[in-house]
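User: I'd like to go through this structure with you. Can you put it up and start with how the chains meet?

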Amino acid sequence: MNINLWWLTFSPLCWASHFLASYLTTAIYCAKFTSADSDAMPVRIAVAIFTAIALTMIATIGVTSLRVHRMGHATLPHDDDTPRDEQRFLGFAALLLSILSGIATLFTALVFFFMETCH
Amino acid sequence: MNEQAQRLLEAWRTPKGWRYWSAVNNSEVGLWYTITAFAFLLFGGLLALAMRIQLAVPDNDFLTADQYNQVFTMHGSVMMFLFAVPILEAISILLLPQMMGARDLPFPRLSAYGFWSFLIGGIFVCGSLFFGAGPRGGWFMYPPMTTEYQTDVGADIWLLGLSFIEIASIAAAVELIVGVLKCRPPGMRLNLIPLYAWYILVVAAMILFAFPPLIAGDLLMELERALDWPFFDVSRGGDPMLWQHLFWIFGHPEVYIVFLPSIALVAMIVPTFARTPMVGYGWIVLAAVGTGFLSFGLWVHHMFTTGLPGITIGIFSAASEAVAIPTGVQIFCFIATLLVGRVTKSVCLLFVLAGLATFIIGGLTGVMVAIAPFDYQAHDTYFIVGHLHYVLVGGTIFPIVAGVYYFYPLVTGKQLSERLGTIAFWLMMIGFNVSFFPMHITGLIGMPRRVYTYPAGMGFDNLNMISSIGAFVLAAGFVVFLWDLLRPKGKQPLAPRNVWNAGTLEWLAEVPDQPWGVRSIPIIKSRYPLWDQENFVRDVDEGKFYLPDAEEGLRETLVTSTVEATPIQCLRVPGPTFLTLGAAVFTGGVFIFGTFHWYVATCISGVLAFFTILAWLWTGTAIIPEKTEKDVGLGLTLPIYVSGPDAVGWWAMFITMLGDMTAFMSLVFGYFFYWTVHEDFPPKDVDGPGVIWPLVSVICTLIAWTLMLLSRKSNRREGAGVFYIITVLSVVMACCAAGSLVAGPWLHQMDPTEHVYQSSVCVLVLWTVVHLAVGVVMQLYCMARRAAGKMTHRFDADIVNVTLYWHFMMLTAGITGLTIALFPLAA
Amino acid sequence: MNESASQSALDSAGQGAEKIAELFYWMTAGAAVIWIVVVGLAVYAITSRREHPVRLTSWLVIGGGAVVPTIVLTLLLSYGLAILPELQRPAPEGSLTIEVAGVRWWWRVHYTDQNGGRITTANEIHLPVNQPVEFKLTSEDVIHSFWIPSLGGKVDMMPGRTNRLKLHPTREGVYSGVCAEYCGTAHAQMRFRVVVTDQATFDEWLTNQAKDYQANSGTGESTFLARGCSACHAIRGTSADGVVGPDLTHFGSRLSIAAGVLDNTTENLKLWLNDTHGVKPGVEMPEFESLSVDEIESLVAFLGSLQ
């Protein structure tokens, strides 16, 4: 497949969506619906689901990018003046962005592992 | 010089005499921009010295409390808004076209307009200090202090003066994005573009999404100050937290907006002195794009102590840690490159090293304060003052100084002194660390920020004295640097061409420089064409590539496709004009007169600005060429006029509207934010705009938008009759949309000063109505263009761009109508 | 200024401050190691005359730039998140609860006695040692921030909201508190004292604070009322019931005047009454230039007697 400049943004956008969804769910739940003991279990379950979805998407994008990066006789630094190498370069950059987005998503999820209440 | 070169030179000649100030070419505007930004840096630096004198000893009375508060407010605002952001735009306008072998950026007049706006706004804001009327709310301007408790003109100067400059910054961002995406030389694929361009692309995109929330916040605060709409007044349902959110959604990406372009300079300098291509080009792109995204997930770490839930704090703490990863990657790429190559010594590298050593400390303390519990202690203390200066001086100023040493010969033809540079380096390095390192301790032993004095005997005395001494040593370093820049260099020989033996395109520049940028626009096959492509410089100089001539005496450059950079258009860029200066003066008048509530003058200035900008568009854009195609050399023939997504103007409209939508979404966010903080929102006893009128408005907009699509289509017929009829109908429907939108709040007697519910409905209505008015002006403009023969059935860029505007108009009106009509039913 | 009133976050005297100081020392040590390694490498890279193979340096980018930072940051984030819930958790039900409101540029303080009665004081907070305390923080005008560095972190006082903060002092002594959020002209002089004592001393202090004013023989009371001080200040047990300024019922027992600006001595009190705006620029209290020397003497004596 051929990937373009927008492809680079897909993994970070998954992170961003996961991040915003987690933040807004927390903010709205803790501001409007929290119980007396401020238990945040419903939010934690929601975020676990968000995380599973986001990581699946990021992994899919990452694997596709890896394939593009290794297409044909590929060696870094992908600086040949050919459409092939341009694709490999985009694949490589998108792969790295997928890894970073995955780590950042896990960091967000880590918060819900430690924090049990809305306090 | 042959005839071709003579014609090319004539087309690009810089105007002489007083007409010099009508220049719009990137080399002129970029230079003015850079010099002005540096002047503001010096002004900000003097303010810093005044603060350090005041704080040198306890209970000092060098400045009064009020003076000090104005000075620290202005120091922050000047450094951020009048130096850090403008300097990145300045350097990019000056150098980006050179790095991409382009003759100019796609919209030279827009750059000029941005520069003049920046100059006027900057002088206005700084000038207020000399009349004791400076803003004193801090650069963060937290309400309700700045709304209810500082009723003098200072806060208005800040809000209006800087909004004006922020708009100029967005203009520059549009220019730079289109520049990087569409004005690269043929063959410069995405995997070959200079790293600087990657960074600038990311940064410009960040500006586009970071600045609009602040502009929206400014709008809300000015509405509260001028018209008493209670957005931040808790007694009428407002909430000061909304400002903090909007400010820091801008404010944190802002840090990376000023940091990344400076790192981009480092990414150009390091390979040159290591004599080897950058190691980890892909990793750097990862770092730039990754930082760009993650930096939008950090804003709440400026609000850790505002009493938010622990989970929220944790989420932003986590993202703040994650952003350290791409930042670290870049640093290791630089070190790896230096290890691979055989390094040539230079002052440039000294400042790069200074930048790294300093920035890493700022980065590490940044990782520390991102851990929320530690921030509970460190927040709003001198620890943060130390941290942020390590980040900004190490991450921005030292790399820029390195960049000045590196690019000075390119711009002026003369080299700076290595000896003076070394002296400046040591003075700055020692002075900076002596001044700012102790602040970490000062903060942790309890000294808060933004205090005009402190009592003796708390342990602050010696540390503050040391910081003040360091500040003056740092200033001495800047004096040496400045002297090196300004000292007369008449007798000094010209620097050789490509003095550092660099590999990137900007070093094609001849010494002394020619106004045409490059003699001919080359075909690129490598990341470092000057190193890798054989006979490259000779071929460029002999005009063997594209556009070596200007047969028609017009300024021309190439437009290429976004990914592969295949040539698609020969773009004619406009030449010198005073229209942009006039437009900036009149726009400035609107903001400046508005500050002092001189509404008649404001209106006159507004009308003049409106007509000047119309004249500029009418005479300078979408000009129908004398022939449809042109031979650009090497047997290639390209169209001169294109419309739609191939055209740079279409991209500019698209990108501008993305920014516009971001500002609008910030206002919508405000509406929902008030819902989250209130038990009952909308309040039970208050009449809303109703369901009928807003929905009528949505339907009218829908019809107007559909008619615009038809209008674009009917314009392609040779006869203009149907086009006029459809467009007039669309104008009528747009007016109906505006009228019915206003009717909702009007007929339900919603008083925007009564409660924040009314004011947040009214601000959405106001925003949408203003946009409808702009949309109508555009429609009338298109009809006039067609009538005047400046737009035809074939040359239709105007109507295509206006239709694009209307797509966004439809979104805006739809979201406004549905939100104010339906959300009250759901809530 | 009282030398013993510590304002240092590193001179910890509370559970929160202790945990955060420990966190700080760990992070600083780690940061120092990282800085030395990275900058050492950069200096070596610039000065070294050797060319190093690309393959080796690629591993440096992957390892040093990506893998190691990710591991270190994960550990650090976990550390930070692990101590966060305890810092955020409210004090147990039934703990001492103190309401503090930020006012430009001083602090209004309310204690609640056993019977639920409210006791108003200002600019000084007394706490029993080794007891968790819950603060309810509000603002009456702009945003302020309530910070006692030696006891723990700060929390902002937001108009329209009630924020909370738990502190748990572990060491007796006098500490200094300060407003950390820029709040206007006199932000630098918005301070207060915190006195941590054993439980018995605290109980005694609170019982005393609950008492109304006991009339004495001086002329100060009549000057106080005649000169309009009572328009802004309250002294319980007199007709002075102003609420704009600090409650002065037990002013004489306090350690400082003008919100922690001056030690509470006769000399300083005279200085404050004579040169109010010189001592604290921007303060809302007007300067009473028309007060005669005798009137000032009597006021100072009167205020000092409010034990």
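Analyst: In this interface, 69 residues of chain C are in contact with 70 residues of chain B. Contact means that C-beta atoms, placed from the backbone, lie within 7 Å. This is a predicted model: local features need pLDDT of at least 70, side-chain atom pairs count only at pLDDT 80 or more, and totals for chains, interfaces and linings use all residues. Residues are numbered from 1 along each chain as its sequence is written, and chains are lettered from A and ligands numbered from 1 in the order in which they are written.

User: Which elements of chain C give two or more residues to the side that touches chain B?

Analyst: They are α1 (15-47), α2 (54-88) and β7 (155-157) of chain C. Helices (H or I, at least four residues) and strands (E, at least two) are DSSP runs, numbered from the N terminus. The largest share, 20 residues, comes from α2(C).

User: How does that side of chain C divide by residue class?

Analyst: It has 42 nonpolar, 18 polar and 9 charged residues. Ala, Val, Leu, Ile, Met, Phe, Trp, Tyr, Cys and Pro count as nonpolar, Asp, Glu, Lys and Arg as charged, and the others, Gly among them, as polar.

User: And how many residues does the contact take from chain A and from chain C?

Analyst: 8 from chain A and 10 from chain C. The chain A side has 6 nonpolar, 1 polar and 1 charged residues.

User: New topic: the sheet. What is the strand order in chain C?

Analyst: The open sheet of 5 strands runs β4-β10-β9-β6-β7, with mixed pairing. Two strands pair if DSSP finds at least two bridges between them. The edge strands, β4 (124-128) and β7 of chain C, each pair on one side only.

User: Do β4(C) and β10(C) run parallel or antiparallel?

Analyst: Parallel, with 5 bridges joining β4(C) to β10 (residues 191-197) of chain C. I125(C) has V194(C) as its bridge partner in β10(C). Helix α3 (residues 199-210) of chain C packs on the sheet and touches β4 and β10 of chain C. Its direction makes about 140 degrees with that of β4(C).

User: Last one, chain B. At what angle do α7 and α8 pack?

Analyst: Helix α7 (residues 195-227) and helix α8 (residues 240-274) of chain B pack at about 160 degrees, with axes 8 Å apart. Axes are lines fitted to C-alpha atoms, for helices over the stretch in contact, and angles run from 0 to 180 degrees between N-to-C directions. So α7(B) is roughly antiparallel to α8(B), a label for angles over 145 degrees. The residues of their contact divide into 28 nonpolar, 1 polar and 1 charged.

Definitions and conventions:
Angles under 35 degrees count as roughly parallel, over 145 as roughly antiparallel, 65 to 115 as roughly perpendicular and the rest as oblique. Two residues are in contact if their C-beta atoms, placed from the backbone, lie within 7 Å.
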